[in-house]
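Let us take a friendly walk through a protein structure together. Keep the picture open beside the text and look for each part as it comes up.

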Amino acid sequence: MKRFNAFVLKEFYHIMRDWQTLLILIGMPVAQILLFGFAISNEIREVSISFVDQDNSRYSREIRQKIDASNYFKEGVEIYDTQEVESYFRKGEIKMAIVVPEGFAEQLVNEGNGQLQVIIDASDPNTASLLSNYIQAIVQSYLDEFNRGAKPPFFIEVRSELVYNPELKGAYLFVPGTISVIMMLISAMMTSISITREKELGTMEVLLATPMSPVQVVLAKVVPYLLLAFFNAVVVLLMGYFIFDVPVNGSVPLLLAEMLLFIVTSLALGIFISSITSSQQVALMISLMGLMLPTILLSGFIFPVENMPLPLQVISNIVPAKWFLLIIKGIMIKGQGIAFFWKETLILLGFTLFFVVLSIKKFKIRLS
Amino acid sequence: MIRVENISHSYGEVQALRDISFEVKKGQIFGLIGPDGAGKTTLIRILTTLILADQGTAFIDGMEVQKEYKKIRSQIGYMPGRFSLYEDLSILENLNLFAAIFGTTLDENYHLIEDIYKQIEPFKHRRAGQLSGGMKQKLALSCAMIHAPNVIFLDEPTTGVDPVSRKEFWQMLKTLKERGITILVSTPYMDEAAMCSEVALIHDGQFLDIDTPEKIISKYKPLLYRAKSSKNNALLKEIRNSGWTKSAYLNGEFVHFTVEDLNDVNKIRVFIQKQEIEIMEFKEVNPSIEDCFMDLMHSPTE
């Protein structure tokens, strides 16, 4: 045990003394969360629009007020001619123009239907369709007020109730996603690099010629990274809670336990990688291509698994992060208990066991 | 203390060791001497249980290298050819780590490594990566000795170390030997053979000879001459061209060559003078281990 402790201490020295790497490891989750939270956001807030009011009637002014009153839009430049709209799109000053044609009020009152033209910059298609939905909703609600008292001949109202994430916040998606990426990165990549470094520098050879068994060497190596990954995951969780109001609706101890399980899965993957290569570079490449990319792209973090073509859906099943995301989203957002994802938990346990056994089989008590 | 029986080993097509057998008695410094690629590292790795021999076996203090590798590992000291300690840890941290690995402490075994360690102790908080070559060797030897091993294996400990540190290092080995520790050391430097109690000249995976350095030299038969010129390469070429020499090679700043007959020496001298090569020195010399090595390498092994 004393031997093991001395070895863990040595690993801490390695990590502490390589302060550049340490800084990246601790700074990265913070940077990632802030990036996802503030920069890469497809929420609609204070989008610049222009109102081209060619009618200038009571109704057009009321609609304009209604739109301005929402937090979603703010009025940019004043435009009087629809011909000018495109030039402002080009300059990027506005994203949308609402044109109220001349005679709008007259038609509305006389014929019972009016026509608004909405021109949207669709160079970002997701934002464009969101803007279109928002504006339709606002106009619809104006119409409801307008019609109050009068009885429309026939009317169906679709009321969507958004559960779990009523405000459609992106943070609900990226906080769990970032946690899984960070844990995969620190646990799997750093462990595999740190083990292969010993092989490359020849220190593994010296260690092999001592009574220390390779399994002990690797276990001692894993301890600091386990702590580091866990610390980072908690930081991301806290940032999500305090900065982006992402709640933990389910049990916190359960969440922490599942996070620990995923860290161990990642560590097992890292150990496995280091058992099939003895070069730091190769370990880094395998971790990045074989673990990081699938964790970001195939886990459902950014692209929903259900929307993928069938072959990718099948492949996504062997990405541990996919299962972890289901678990962590279930706990944090839906407030589920273990009864809802014991299958996923078992799958993660299975992964872990598989890679640990495989690595132990590949562990060498001798060189080459 | 060390007994090697008919060990052969190959890496794919390359035969690294061919049927090697020898014995090292307790308290000896046994030198494995040969050029790079001769098989020294392979042999040491087999003896330190790091690789398995294809054929044959070896015993360290009565323990078999394949079956009893765990026991052997806790009782031997090993210093690989490349500096293989943690460069980002200090001298003291490296020592404490290796002490802990062997279940001992620096204080407990301080007396064992005192002679070596006290030379680097003033720098004990310096990181190993910032030490000079000589200091690194002392640290590595201290780490290999911290658990009081009876046998230590040193793979080319003096390669890349300055001449002064090399001398110091051999002095330290002598002290360890006097304490009864068995030392197996490999080196490509032939001049270091004289410091060993017994040496094995190894070439191309085979032992050319095993004996005390003195006996190896006394077995040397041919007449050995050395010559020197401002153009040694040209001189060497002409000596070979003359046809009266058995073998000729560069040795430091001299050309060494062997003859079987005294008459041949004069013939060579005349031959060279005809080639208009200025000769600065031309005389008979006593053979060194290197000359023995060259001679054994060229003569068919019995």
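The report below starts with one whole chain, moves to the contact between chains, and ends with charged pairs and the surface.

## Chain B as a whole

Please remember while reading that this is a predicted model. Chain B has 302 residues, and 54% of them count as buried. Its fold contains ten helices and 14 strands. If you draw a box along the principal axes around the C-alpha atoms of chain B, that box is roughly 70 × 45 × 35 Å.

How does the chain meet itself? Take the contacts in chain B between residues at least 6 apart in sequence: 69% of these join residues at least 24 apart. On the outside, chain B has an accessible surface of about 13,800 Å², and carbon and sulfur atoms account for 47% of that area.

## Two residues of chain B to compare

Start with B:Leu47, which sits in helix α1 (residues 40-47) of chain B. Is B:Leu47 buried or exposed? With a relative accessible area of 0%, B:Leu47 is buried, because buried means under 20%. Leaving aside residues up to four places away in sequence, the residues it touches include B:Ile2, B:Val4, B:Phe22, B:Phe153 and B:Leu184. B:Tyr69 is 22 residues away from B:Leu47 in sequence, and their C-alpha atoms are 9.6 Å apart in space.

Now turn to B:Lys167, found in helix α6 (residues 163-178) of chain B. B:Lys167 has a relative accessibility of 67%, so it counts as exposed, the cut-off being over 50%. Between the C-alpha atoms of B:Lys167 and B:Ser10 there are 34 Å, and the two residues are 157 apart along the chain.

## Where chain B meets chain A

How many residues does each chain bring to the contact? Chain B brings 29 residues and chain A brings 25 residues. Together the two chains bury about 2,500 Å², with 60% of this area coming from carbon and sulfur atoms. On the chain B side, B:Arg73, B:Tyr86 and B:Ile101 lose the most area to chain A, and together they make up 25% of what that side buries.

There are also polar links. Between chain B and chain A, 14 residue pairs are in polar contact. Three elements of chain B give two or more residues to the side that touches chain A: α2 (69-75), β6 (76-79) and α3 (91-101). Of these, α3(B) supplies the largest share, with five residues.

A residue to find on the other side is A:Thr203, in helix α8 (residues 203-208) of chain A. A:Thr203 is buried, with a relative accessible area of 2%. Not counting residues up to four places away in sequence, A:Thr203 touches A:Glu198 in its own chain, and B:Ser84, B:Leu85 and B:Tyr86 across the contact.

## Charged pairs

Side chains of opposite charge can pair when their charged atoms come close. Over all chains, the count is 26 salt bridges, and two of them cross the interface of chain B and chain A. Here are three examples.

| Salt bridge | Closest N to O distance |
|---|---|
| A:Glu11 and A:Lys221 | 2.7 Å |
| B:Arg45 and A:Glu205 | 2.9 Å |
| B:Glu5 and B:Arg3 | 3.0 Å |

What does the pair of A:Glu11 and A:Lys221 tie together? A:Glu11 lies in helix α1 (residues 2-17) of chain A and A:Lys221 in helix α9 (residues 214-244) of chain A, so the pair links parts that are 210 residues apart in sequence. A:Glu11 is buried at 1% relative accessibility, and A:Lys221 is buried at 2%.

The pair of B:Arg45 and A:Glu205 joins two chains, because B:Arg45 lies in helix α1 of chain B and A:Glu205 in helix α8 of chain A. B:Arg45 is partly exposed, with a relative accessible area of 25%, whereas A:Glu205 is buried at 9%.

In the third pair, B:Glu5 is partly exposed at 28%, and B:Arg3 is partly exposed at 34%. Back in chain A, salt bridges that share partners join A:Lys10, A:Glu11, A:Glu198 and A:Lys221 into one network.

## A nonpolar patch on chain A

Last, look at the surface of chain A. A nonpolar patch there is formed by A:Met285, A:Leu288, A:Met289, A:Leu293, A:Leu297, A:Ile302 and A:Phe303, with about 610 Å² of accessible area together. One of its members, A:Leu288, is in helix α11 (residues 280-297) of chain A. A:Leu288 is partly exposed, with a relative accessible area of 33%.

Notes: Residues numbered from 1 in each chain as written. Chains lettered and ligands numbered in written order. Predicted model: local features only at pLDDT ≥ 70, side-chain atom pairs only at ≥ 80, totals over all residues. Heavy atoms only, no water. Patch = residues over 30% accessible without salt bridge, like charges linked within 9 Å, V, L, I, M, F, W, Y side chains within 5 Å. Areas by Shrake-Rupley, 256 points an atom, 1.4 Å probe, with all protein chains shown as cover. Salt bridge = Lys/Arg side-chain N within 4 Å of Asp/Glu carboxyl O. Helix = DSSP H or I, 4+ residues; strand = E, 2+ residues; numbered from the N terminus. Buried < 20%, exposed > 50% of the residue type's maximum accessible area, 1.4 Å probe, protein only. Contact = heavy atoms within 4.5 Å. Buried area = accessible area lost by both parts, 1.4 Å probe. Polar contact = N/O pair within 3.5 Å; in protein donor to acceptor, adjacent residues only side chain to side chain.
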